[in-house]
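Student: Could you take me closely through one part of this protein chain, the loop that leads out of the helix, and place it in its surroundings?

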Amino acid sequence: MSHVVPASSTQPSTAPTTLVVTVTRHQCPHCRRTWAKRAAAERHVARCWRNPENRSCKTCAHLMPAEEGPYPEHPGWPEECSKGRELPDESGVPLTGCSLWGPTA
Ligand SMILES: [Zn+2]
């Protein structure tokens, strides 16, 4: 636990104690992450899994989402590709640049 330091009694409580700083950040329009540097943001957008131009599993009509089992003791089903591509498991890294990619409706 940290202590809250009371404001100085010699100053009125309305005196500004902080400066307002406006910063420019660069945001990926696909996943909403932001970067301080535009170049870093642009590097990201070029390989963002949510960018349809990168044809990744995350934006593909053929990705079938993981499902839970029908009851707690039953294992669930992992994400699958309805076109039969092998999806990387555990790593969480989707395929990109897939030739079988199709846009979602
Ligand atoms: Zn992104």
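Tutor: Read from the N terminus, the elements of the protein chain follow the order β-β-α-β-β, which comes to 1 helix and 4 strands; here helices (H or I, at least four residues) and strands (E, at least two) are DSSP runs, numbered from the N terminus. Residues are numbered from 1 along each chain as its sequence is written. The model is a predicted one, in which local features need pLDDT of at least 70 and side-chain atom pairs count only at pLDDT 80 or more, whereas totals for chains, interfaces and linings use all residues.

The loop in question runs between helix H1 (38-45) and strand S3 (63-64), and arginine 55 is found there, as is cysteine 60. To describe their surroundings, a residue is called buried if 20 or more other C-beta atoms lie within 10 Å of its own, exposed if 12 or fewer, and partly exposed in between, with the C-beta atoms placed from the backbone. Cysteine 60 is buried because it has 21 other C-beta atoms within 10 Å, in a protein chain of 105 residues of which 9% count as buried. Arginine 55, by contrast, counts as partly exposed, because it has 18 C-beta neighbours inside 10 Å. The backbone of arginine 55 also deserves a look, since its phi is positive, at about 45 degrees, although the residue is not a glycine.

As for what cysteine 60 meets, two residues are taken to be in contact if their C-beta atoms, placed from the backbone, lie within 7 Å. Leaving aside its neighbours within four places in sequence, cysteine 60 is in contact with Cys98, Trp101 and Gly102. Arginine 50 is 10 residues from cysteine 60 in sequence, and the two are 9.5 Å apart in space, C-alpha to C-alpha.

Glycine 102 lets us look at this pairing from the other side. This glycine has its place in the segment after strand S4 (80-81), and it is partly exposed because 14 other C-beta atoms lie within 10 Å. Apart from neighbours within four places in sequence, its contacts are Cys60, Ala61 and His62. Between glycine 102 and histidine 62 there are 6.7 Å from C-alpha to C-alpha, with a separation of 40 residues in sequence. For the chain as a whole, 31% of the contacts between residues at least 6 apart in sequence join residues at least 24 apart.

Histidine 62 also brings in serine 82, which is in contact with His62 and Met64 once neighbours within four places in sequence are left aside. Serine 82 likewise has its place in the segment after S4, but it is exposed, because 12 other C-beta atoms lie within 10 Å. Its C-alpha is 6.3 Å from that of leucine 63, the two residues being 19 apart in sequence.

Finally, another loop can be set beside this one: arginine 32 is in the loop between strand S1 (26-27) and strand S2 (34-35). Its phi is near 75 degrees, again a positive value in a residue other than glycine, and arginine 32 is exposed because it has 8 other C-beta atoms within 10 Å.
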